[in-house]
Amino acid sequence: MKYLSRIEWEFLQDEKEISFIEETNLNLFEVTKIYLKRNEKYEILLDITGKVNQHDSEEIKKLNQPVDIHFKTKFHTYDLFSCHIIKNNMTFPQNEYNVVFKVQNVERFINKYSDNEEYFIKEWYLNSTQDSLIFKRGTSFNIKKEFIKIRDISKNSELNILDESMPDSSLDSLFLELNDYSILLQEVPQKFGPDWSKNLGVEYQKELNIPPKDIREKIVEIISFLMGRFLIKIGETHYDKDWNIINDSCQSPLIPIQIDLKQICKKSDLSCIDFYEGFPLLNIVEERICYIVNNYLNEDEMDLSYVIHQLLLSMIVPVEAEIVMIGACLDKLSEIWFKSSKSKSKGELIEKKKFDELIEEYVDGLKISFKDYPKVFVKIENAFQASGKQRVDFFLEELELETGDVEKDARFYRNKPAHGHLLDNEGLFKLMYLTDAYRTLLNRIILKILNYDVYIDLTSGNILSIDEKLSEENYENYVKMIKEHLNNDST
C-alpha cells in the first residue's frame, strides 16, 4: 500500500533528532545530541547528551521539578511542556552527561509554513474500535514519480519520464455529515502507530466547517461512547491547503501509569448500539452515528460530557472500580436531570414550598428541641428531599424507563466493592455480569435522552428496544451456571 506518512499518523511516529539549535531556554549544557521519541507506553521522552562541567552538573540536579523547554532550529520551533527528569547519568572525568525527560506534551511549528492559512486538522487516537466493518468508505492510494536524467551530450539530451504505478485501495473511513459540520473518521494504516493498538484519525476540513475545539472534543466524546472505546488522544496535525504541515502537537497518553495501555487496546468493544444489524451497509452506519451525534450536540439543557467521560474512563480500570464509577455516573445523571426542565419532581418527595408551609408552625419548637443536635435539625429541614436511591428511582420513573431485578441487583452490587467487601469466586463472577448490566443501563439511559430507540444488552449481545428491560431469565440462568461450575470444581 502506498502512503504519505505525514497525513496518516502523528509526527512522532519515528524518533526525531533536534539539531542545529538557534535558540533555547535550556542553556545549561554543551549539547551534542537531542532526540525526541516515544517509549513502549507511548509516552514522550526527550533524550539529551552533551558535555558538562562541575558547576553545570549542580544546575542539572536542580531540574527535578517539571519545567517547560523551548528549542528553535532553522526549520522547526519546539515547545515542550511539563518535562521532568526520569534519568540523569554523568561520567567524570569525561564530563559527559545524559539526561532523559518525560514530557507531557509537545507543540511543533514548521517555520516555513507557520503563517499559512489552516485548511485541514487531523486528530490522532489510540485504542480505536476493533470492528473494522463500520469503516465502509473506500480510499484509493497512488504515487506518481517523475524521473529526470540530463546528459551532457547535446541540447536535447534530457530525459523526463513519468512513472505511475497501479493504485491501491481499501475500505477504511466513515464520512459524517452532521447538521453544522462534516468530519471524516479514518482507520490509521497498520504500518503506522503502535502495532498493539487499532488507531484512528479524525479529519476536519475548512470547506466542511471546522468546529471549535470544545465541539471537536464533544464529537469525539460521543463517538467514543458509541464505539464502546475510550479513544486516547496522542496528538493532532494542522495543514495548509496543499497539505503542508503548519504545526502539530503530540502528547503522552493521559491515563494512570499503573494501567497497562497495551492490554486496554486489546479489549473487546463495549458498543452501546448496533451499527448495521448484521449487514454493514454504509448509509445505515453513517446515518445512525450522525443521528446520535447531532442530538448530542443539540442537547443544550443536559450537559452529559462529564458522565460520558467518566463512563469511558471506567472502561480501563479493574472491574471492582468499574462498577463503582458506573454507579457514580448514574447518581450524576439523575442530578443533571433534576436540574433540567425535563424533571417534574426535581428529586423532591414534596415541593419545598409546600413542605415549608406544612412545618412552618413547628419550626421554632423543633429548633429548641434539637438545639443540642443541629445536624439532626438540618435533616428535618431537608426532609422534603429524596434520598440517593429514591432520587435515582424518581429519575428512572420520569424517564419512563422500565427496570427489573437485573438492574436492581446491579445497583445494589455496586455497594460491595465501594464499601470494601471481599468477594468469593461466585461473587466475582456475579460482579462481572452485573457490571455489564449496569453499564448497559447507563448506555440505555443516555440513548433514551438522545431519542434513540434501541440498545445493545452487553450481558448477551442482543439488540433490545429502549423500553425493554434486561432479561431476568438470562440472569437467573447465569447465576445457576456459576454455582454448578463452582460446585463441579470443588468436587
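Of the 491 residues in the chain, 44% count as buried, where buried means under 20% relative accessible area, exposed means over 50% and partly exposed lies in between, with a 1.4 Å probe and protein chains only. The model is predicted: local features need pLDDT of at least 70, side-chain atom pairs count only at pLDDT 80 or more, and totals for chains, interfaces and linings use all residues. Residues are numbered from 1 along each chain as its sequence is written, and side-chain values use heavy atoms, with hydrogens and water left out.

Colour by secondary structure. The chain has 14 helices and 18 strands; these are DSSP runs, helices being H or I with at least four residues and strands E with at least two, numbered from the N terminus. Of the contacts with a separation of 6 or more, 70% are between residues 24 or more positions apart; contact means heavy atoms within 4.5 Å.

**Stop 1: the cores**

Select Leu-185, Leu-226 and Ile-445. Among the 96 residues of the largest nonpolar core, these three touch the most other members. A nonpolar core is a set of buried Ala, Val, Leu, Ile, Met, Phe, Trp, Tyr and Cys residues joined through side-chain atoms within 4.5 Å. Helix H13 (residues 425-449) supplies the largest share of this core, 11 residues.

Centre on Leu-226 next. Leaving out residues up to four places away in sequence, Leu-226 touches Ser-271, Cys-272, Ile-273, Phe-275, Ile-289, Ile-292 and Val-293. A second core, separate from the largest one, has 21 residues, including Leu-12, Leu-36, Tyr-78 and Val-106.

**Stop 2: H6 against H13**

Show helix H6 (residues 319-338) together with H13. They pack at an angle of about 30 degrees, with their axes 10 Å apart. Axes are lines fitted to C-alpha atoms, for helices over the stretch in contact, and angles run from 0 to 180 degrees between N-to-C directions. H6 and H13 are therefore roughly parallel to each other; angles under 35 degrees count as roughly parallel, over 145 as roughly antiparallel, 65 to 115 as roughly perpendicular and the rest as oblique.

The crossing of H6 and H13 is left-handed, that is, the near helix is turned anticlockwise from the far one by less than a right angle, a clockwise turn being right-handed. To see the contact, show side chains on both helices: on H6 the residues include Val-319, Ile-323, Gly-327 and Leu-330, and on H13 they include Leu-428, Met-432, Tyr-438 and Ile-449. The residues of this contact of H6 with H13 divide into 16 nonpolar, two polar and three charged. Here Ala, Val, Leu, Ile, Met, Phe, Trp, Tyr, Cys and Pro count as nonpolar, Asp, Glu, Lys and Arg as charged, and the others, Gly among them, as polar.

Now pick Thr-435, in helix H13. Thr-435 is buried, with a relative accessible area of 1%. Apart from residues up to four places away in sequence, Thr-435 touches Val-319, Glu-322, Ile-323 and Ile-326. For a distance check, Thr-435 and Arg-414 are 21 residues apart in sequence and 8.2 Å apart in space, C-alpha to C-alpha.

**Stop 3: adding H5**

Add helix H5 (residues 305-313), which packs with H6 at about 175 degrees, their axes 9 Å apart. H5 and H6 are therefore roughly antiparallel to each other. Tyr-306, Val-307, Gln-310, Leu-311 and Leu-313 of H5 make the contact with Met-325, Ile-326, Cys-329, Lys-332, Leu-333 and Ile-336 of H6. By class, the contact of H5 with H6 has nine nonpolar, one polar and one charged residues.

Turn to the H13 side. The axes of H5 and H13 come within 12 Å and cross at roughly 150 degrees, so H5 and H13 are roughly antiparallel to each other. Their crossing is left-handed. Val-307, Ile-308 and Leu-311 of H5 meet Arg-439, Leu-442, Asn-443 and Ile-446 of H13.

**Stop 4: three loop residues**

Most residues other than glycine have a negative phi. Select Phe-20, in the loop between strand E1 (16-17) and strand E2 (21-24). Phe-20 is not a glycine, yet has a positive phi of about 55 degrees. Phe-20 is exposed, with a relative accessible area of 73%.

Move to Asn-209, in the loop between strand E14 (200-205) and helix H2 (213-227). Asn-209 also has a positive phi, about 75 degrees, although it is not a glycine. At 39% relative accessibility, Asn-209 is partly exposed.

Finish at Asn-244, in the loop between strand E15 (232-239) and strand E16 (245-251). Asn-244 is buried, with a relative accessible area of 17%. Not counting residues up to four places away in sequence, Asn-244 touches Arg-6, Tyr-113, His-238 and Tyr-239.
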